[in-house]
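Q: Could you take a close look at one part of this structure, the packing of its interior, and explain it step by step for someone who has not seen it before?

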Amino acid sequence: MSMSSTIASPRGLVWPVWKGSTQSAKPCSRIDRKAAARLFHRARDLDKRTHQPGRHGGIVGHAALQVLHCLIFDFLNFRTGRLDPGYDAIAAKANLARSTIAVALKKLADLGILSWERRCSPSTDEVGRFQLRQETNAYTLHPESRWAGMEARNEASPVPTPHPDAIGFPA
């Protein structure tokens with residue numbers, strides 16, 4: 001088979017997937033219900049703590065919190081750790097626009113609360129040519145220690161050291 005027969009299509013080779021998509025299965029990290037709920041409440045606390053007067057919400061934002069709530073409580077499989085809904089499914093559950101879902105997920109990723117891996121699968125087009133088909137993303141929730149903004153919490157409320165006279169029994 002010559003190289004020219006491979007590129008005989010007027011459109012050339014078609015790869016309708018995002019850059020960085022992978023065909024390999026991502027291992028899911030399991031998380032129990034209480035830990036997942038704790039992550040959501042910590043994200044809500046982070047949003048409240050970073051609220052600025054005259055602004056709507058904190059660094060997380062209302063839409064991102066709503067998407068996180070939807071991911072954790074509607075889509076996360078606690079038994080397997082699998083978390084891979086599509087944008088349309090998230091939009092329907094969270095009652096938000098698809099574009100808002102994209103912005104909210106980007107914000108959650110920038111804060112280190114979650115990350116995702118784009119997935120694709122091999123298929124053939126109507127002519128029988130090999131192509132990759134985009135699938136849903138596989139999301140991973142990260143522990144609180146990896147979040148951006150958590151350093152501000154540790155610096156803002158340092159543990160007070162007792163006065164040397166207060167240690168032990170007073171004279």
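A: **A look at the packing of the interior**

Ala104 is found in helix α5, and it makes a convenient place to begin in this model, which is a predicted one. With a relative accessibility of 3%, Ala104 counts as buried, because the cut-off for that word is under 20%. The residues it touches, leaving aside those up to four places away in sequence, are Ala63, Ala64 and Val67. The C-alpha atom of Ala104 also lies 8.7 Å from that of Gln66, although 38 residues separate the two along the chain.

These contacts lead to the pairing of α3 with α5. Two packed helices are described by the angle between their axes and the distance between the axes. The axes of α3 and α5 come within 8 Å and cross at roughly 85°, which makes α3 roughly perpendicular to α5. From α3 the contact draws on Ala63, Ala64, Val67, Leu68 and Leu71, while α5 contributes Thr100, Ile101, Ala104, Leu105, Lys107 and Leu108. Sorted by class, the residues of this contact of α3 with α5 are nine nonpolar, one polar and one charged.

The next helix to consider is α2, which packs with α3 at an angle of about 175°, the two axes being 10 Å apart. The helices α2 and α3 are therefore roughly antiparallel to each other. On the α2 side the contact is made by Ala36, Ala37, Phe40, Ala43, Arg44 and Asp47, and on the α3 side by Leu65, Leu68, His69, Ile72 and Phe73. The residues of the contact of α2 with α3 divide into eight nonpolar, one polar and two charged.

Leu68 appears in the contact of α3 with α5 and again in the contact of α2 with α3. Of the 32 residues in the largest nonpolar core, Leu68 and Leu105 touch the most other members. At least two residues of this core come from each of α2 (33-49), α3 (62-75), α4 (87-94), α5 (98-110) and β4 (138-141), and the largest share, seven residues, comes from α3. Leu68 itself touches Phe40, Ala43, Leu108, Ile113, Leu114 and Leu141, again not counting residues up to four places away in sequence.

Helix α4 shows how one element can turn a side towards its neighbours. Its buried residues are Tyr87, Ile90, Ala91 and Ala94, and, seen down the axis of α4, they fall within an arc of 100°, so they line one face of the helix. An α-helix has 3.6 residues a turn, so residues three or four places apart point the same way. The buried residues of α4 pack against α3, α5 and β4, whereas on the other side of the helix Asp88, Ala92 and Lys93 are exposed. Just after α4, Asn95 takes a positive phi of about 60°.

One last residue to examine is His142, placed in the loop between β4 and α6 (150-156). Although it belongs to a loop, His142 is buried, with a relative accessible area of 8%. Apart from residues up to four places away in sequence, His142 touches Leu39, Gly112, Ile113, Leu114, Ser115 and Trp147. Among these, Ile113 and Leu114 are touched by His142 and also by Leu68.

Conventions: Residues are numbered from 1 along each chain as its sequence is written. This is a predicted model: local features need pLDDT of at least 70, side-chain atom pairs count only at pLDDT 80 or more; totals for chains, interfaces and linings use all residues. Side-chain values use heavy atoms; hydrogens and water are left out. A nonpolar core is a set of buried Ala, Val, Leu, Ile, Met, Phe, Trp, Tyr and Cys residues joined through side-chain atoms within 4.5 Å. Buried means under 20% relative accessible area, exposed over 50%, partly exposed in between (1.4 Å probe, protein chains only). Helices (H or I, at least four residues) and strands (E, at least two) are DSSP runs, numbered from the N terminus. Contact means heavy atoms within 4.5 Å. Axes are lines fitted to C-alpha atoms, for helices over the stretch in contact, and angles run from 0 to 180 degrees between N-to-C directions. Angles under 35 degrees count as roughly parallel, over 145 as roughly antiparallel, 65 to 115 as roughly perpendicular and the rest as oblique. Ala, Val, Leu, Ile, Met, Phe, Trp, Tyr, Cys and Pro count as nonpolar, Asp, Glu, Lys and Arg as charged, and the others, Gly among them, as polar. The arc is that of the directions from the helix axis to the C-beta atoms.
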